Every structure is written in structure tokens, then in C-alpha cells.
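Here is a set of short exercises to work through with a structure viewer open. Try each task yourself before reading the solution below it.

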Amino acid sequence: MSSESKVEVVRLGPVNHLDGSDHLSITLVHGGYPCIVRTGAFAEGDRVAYVPVDMLVPTDQPAFVFLVDKARSDGFYRTKAMRLRGTFSMGLIVPTPDGAAVGDDVTEALGCFKWEPAVATGTDNERDPGHMPVYTDVEGFRRWQHEPGVLVPGEEWVVTEKIHGANARFCWRDGRLWVGSRTNIKREDPTSIWWQAARHHNIAEKLAGKDDIVVYGEVYGQVQDLRYGVPSGCRFVAFDVFHRPRGVFLGPLESDWSAIFDIPTVTQLGVIRPADMAPADLWALAEGPSLRPGANHIREGIVIRPRQERWHPKLGRVILKLVGEGYLTRKERH
């Protein structure tokens with residue numbers, strides 16, 4: 001489970017007054033998530049629970065009762081990123097449950113769970129034959145940027161645009177195409193967004209006989225609120241390829257996937273050395289318009305990973321995402 005999908009107990013760093021406000025202060029959780037709090041409510045060194053963006057919290061519980069007037073009809077409030085007095089803030093800080101220690105996952109203890117967008121999938125699942133591993137949990141750059149050994153001076157990382165859609169995976173095995181969402185294998189169905197994308201790009205034909213590989217990517221279009229100029233149906237872009245016999249992901253520049261498979265791939269924004277960059281320069285890459293052909297809206301953010309695949313003892317596979325502030329606040333009322 002991604003660290004951005006759970007409520008974790010943390011030790012607060014410095015808490016500073018917010019410019020222009022007598023009643024609000026700001027702190028950085030994990031050194032990367034700005035969080036605005038009421039002045040005097042928390043202090044540096046406090047042990048608190050950090051609730052990230054897009055968690056559903058029960059407003060009938062003491063920790064969240066202050067949100068009861070903003071709750072949905074089911075009594076839950078969805079945490080959001082927002083700008084207060086022009087300052088960006090992500091998620092909530094609340095008191096910890098009794099007995100909780102720093103590092104504990106208190107999602108269940110606080111009655112919270114991850115919000116997931118409603119996607120009209122139009123398909124049933126079938127038995128998983130085990131041909132396609134579930135894709136990597138892509139962790140947040142904000143959480144891991146300061147962890148020793150994650151960013152290495154001089155190391156080159158590839159930057160690609162993060163696409164707003166539904167995770168997908170495809171492989172050819174036993175004489176047929178297998179199609180999956182992130183966690184399920186999808187039975188063939190003309191209303192399935194995954195099978196619509198597979199048919200649109202002739203993925204069965206392009207992967208036929210290539211039993212050694214699994215292609216991962218994003219189905220987009222008529223899926224979520226960013227449509228990338230797709231008027232109907234769904235499209236697919238690949239962002240990773242897994243080589244089954246070797247048990248490894250092919251590096252982002254190891255092969256030209258588009259030439260090998262003739263399947264669209266995510267847009268590359270360049271090669272960077274994040275350990276040597278000013279934070280503002282890296283943050284800027286997550287902002288701006290989408291670069292997908294036909295798109296007329298903001299990009300969701302970026303995904304970055306080392307040019308050479310590697311693993312980290314705490315993070316696991318080294319691949320990170322950075323979601324843009326513009327994307328996270330795109331629905332704010334002005």
C-alpha cells in the first residue's frame with residue numbers, strides 16, 4: 001500500500017505562522033507535504049496523525065467532528081488539497097489514537113479509508129492465472145525525497161507525464177490476450193474500458209506470440225474528468241514493460257517500446273538529475289498543460305525513475321510520482 005493511501009503517525013517538525021494570518025500556521029509533514037493548521041493546536045515535536053489527500057474520514061468521530069458541516073450525505077469528509085490565503089496545503093493533522101507510536105498505520109483505528117473515483121468499468125472479473133504481476137505501488141516524491149539513498153547525486157532520472165485514467169495491464173499467453181485493471185483480470189466485454197482500449201489499439205495482434213512480456217499503462221478518455229480530447233471510448237498509453245523470464249522491468253530507455261510493440265507510450269518530458277536540482281525546478285515539471293496530443297487541460301503531474309532500474313531497502317523499486325498543485329486544486333471555487 002502506498003504511504004499516500006494510509007494515515008500514519010508522525011513527529012511534527014517546525015510549525016511556523018502563516019504569512020498574513022493571526023490564526024493559521026503551517027508545517028511540512030515528512031519534509032514535503034505542506035499542511036496548514038490552527039495556530040496553537042500543534043507544536044514542533046508533537047506526535048500526530050497525518051491524513052493525506054483523498055482519504056475519507058468519519059465526521060462522527062472526535063478527531064474529525066470539526067468537519068461535520070462539510071461532510072457528504074454518508075457522514076464522511078474527503079480530504080483535499082487547497083490554497084488558504086494563497087498558500088498550498090495537503091491533507092489534515094489530527095491527534096493520534098491512544099497508544100499509537102510514530103510510524104504506526106492508524107487508518108483503521110481512526111475509521112478512515114482511501115477514496116477511489118467512480119469508474120464505469122462495465123465488465124466482470126475472471127480468474128487470475130498469475131501471468132501478470134500487479135504493478136508497483138508508485139510512492140510520492142514528497143514522502144521519499146529526503147530518505148537517504150533514494151536520490152543519488154549525479155544520477156539521471158527519466159521524467160514522464162502522469163496520465164489521469166485507470167491502471168491497465170496486458171499480456172499474450174496460452175494463445176489469447178489477457179486484460180487486467182490494477183488488481184483484477186477483466187473478462188472480455190464490449191463495455192469494458194480496458195477491452196475498449198485493447199481493441200482500439202489492436203493490442204491482441206501486437207502482443208500475439210510475445211509471451212515473455214507484460215505491458216503496463218493507463219486507460220484514459222471517457223474514464224475520469226480529464227479526457228485528453230478523446231470524444232468517445234477509451235485509449236491506452238504504455239508506461240512500463242515487464243520481462244517475465246528475467247523477472248525485471250525494462251528500463252525506460254532500455255528499448256523503444258513504441259517501435260517494438262507499436263503501442264502508444266507516455267510522453268517523456270526529459271532526463272533530469274533530481275538530487276542536483278533546486279526543488280522549485282522539479283516542482284515546475286509537474287505543472288502546466290498536458291502534452292498528450294489533443295488534450296486541452298492541465299497535466300496531472302509527473303512520474304520519475306532512474307534511467308537504470310534499481311531498488312532501495314525501504315522504498316523498494318525506485319519510481320516516484322509528483323502530482324501538480326494545479327491539478328490538485330483544479331476544482332476550487334474562485
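The exercises below concern a predicted model, and each solution goes step by step.

**Exercise 1. Place His164 in the fold, decide whether His164 is buried or exposed, and find the polar partners of its side chain.**

Step 1. Start with the backbone: His164 sits in the loop between strand E14 (157–162) and strand E15 (166–173).

Step 2. Next comes accessibility. The cut-off for buried is under 20% relative accessible area. His164 has 5% relative accessibility and therefore counts as buried.

Step 3. Now look for polar partners. The side chain of His164 makes a polar contact with the side chain of Asp225 at 2.8 Å. Another polar contact, at 3.0 Å, joins the side chain of His164 to that of Tyr327.

Step 4. Finally, list the wider surroundings, leaving aside neighbours within four places in sequence. His164 is then in contact with Glu218, Tyr220, Gln224, Asp225, Leu226, Tyr228, Glu300, Tyr327 and Arg330.

**Exercise 2. Follow the contact from His164 to Tyr220 and describe the setting of Tyr220.**

Step 1. Tyr220 lies in strand E18, which spans 213–221.

Step 2. With a relative accessible area of 7%, Tyr220 is buried.

Step 3. Leaving aside neighbours within four places in sequence, the contacts of Tyr220 include Ile163, His164, Tyr228, Val230, Phe236 and Arg292.

Step 4. Take Val230 from that list and check the C-alpha distance: Tyr220 and Val230 are 8.3 Å apart in space and 10 residues apart in sequence.

**Exercise 3. Work out which residues of helix H2 are buried, what covers them, and how the N-terminal end of H2 is capped.**

Step 1. H2 covers residues 193–200, and its buried residues are Ile193, Trp194, Trp195, Ala197 and Ala198.

Step 2. Among the elements covering these buried residues are E15, strand E16 (176–180), strand E17 (185–186), helix H3 (203–207), E18 and strand E19 (234–243).

Step 3. At the N-terminal end, Ser192 acts as the cap: one of its side-chain oxygens lies 3.2 Å from the backbone nitrogen of Trp194.

Step 4. Just after H2, check the backbone angle of Asn202, where phi is positive at about 50°.

**Exercise 4. Describe the largest nonpolar core and find which element gives the most to it.**

Step 1. A general tendency is a useful starting point: in soluble globular proteins, nonpolar side chains tend to be buried together.

Step 2. The largest nonpolar core here has 24 residues, and those with the most contacts inside it are Phe170, Leu177, Ile203, Leu207, Val219 and Phe236.

Step 3. E15, E16, H2, H3, E18 and E19 are the elements that give two or more residues to this core. H2 gives the most, with five residues.

Step 4. There is also a second, separate core of 22 residues, which includes Met132, Tyr135, Cys171 and Val303.

Step 5. For a contrast, turn to the surface. Val65, Phe66 and Val68 make a nonpolar surface patch of about 280 Å². Phe66 lies in the loop between strand E6 (55–58) and strand E7 (76–78), and its relative accessibility of 53% makes it exposed.

**Exercise 5. Start from the total number of salt bridges, then examine the pairs Glu325–Arg83 and Glu155–Arg310.**

Step 1. A search of the whole structure finds 18 salt bridges.

Step 2. In the pair formed by Glu325 and Arg83, the side chains meet at 3.9 Å, N to O. This pair links distant parts of the chain, with Glu325 in helix H6 (residues 325–328) and Arg83 in strand E8 (residues 81–84), 242 residues apart. Glu325 is partly exposed at 21% relative accessible area, and Arg83 is partly exposed at 35%.

Step 3. The side chains of Glu155 and Arg310 form a salt bridge at 2.7 Å, N to O. Glu155 lies in the loop between helix H1 (141–144) and E14, and Arg310 in the loop between strand E22 (301–306) and strand E23 (311–312), so the pair ties together parts that are 155 residues apart in sequence. Both Glu155 and Arg310 are buried.

Step 4. To finish, trace the network of salt bridges that links Asp240, Arg305, Glu309 and Arg317.

Notes:
Residues numbered from 1 in each chain as written. Predicted model: local features only at pLDDT ≥ 70, side-chain atom pairs only at ≥ 80, totals over all residues. Heavy atoms only, no water. Helix = DSSP H or I, 4+ residues; strand = E, 2+ residues; numbered from the N terminus. Buried < 20%, exposed > 50% of the residue type's maximum accessible area, 1.4 Å probe, protein only. Polar contact = N/O pair within 3.5 Å; in protein donor to acceptor, adjacent residues only side chain to side chain. Contact = heavy atoms within 4.5 Å. Patch = residues over 30% accessible without salt bridge, like charges linked within 9 Å, V, L, I, M, F, W, Y side chains within 5 Å. Areas by Shrake-Rupley, 256 points an atom, 1.4 Å probe, with all protein chains shown as cover. Salt bridge = Lys/Arg side-chain N within 4 Å of Asp/Glu carboxyl O. Core = buried A, V, L, I, M, F, W, Y, C linked by side-chain atoms within 4.5 Å.
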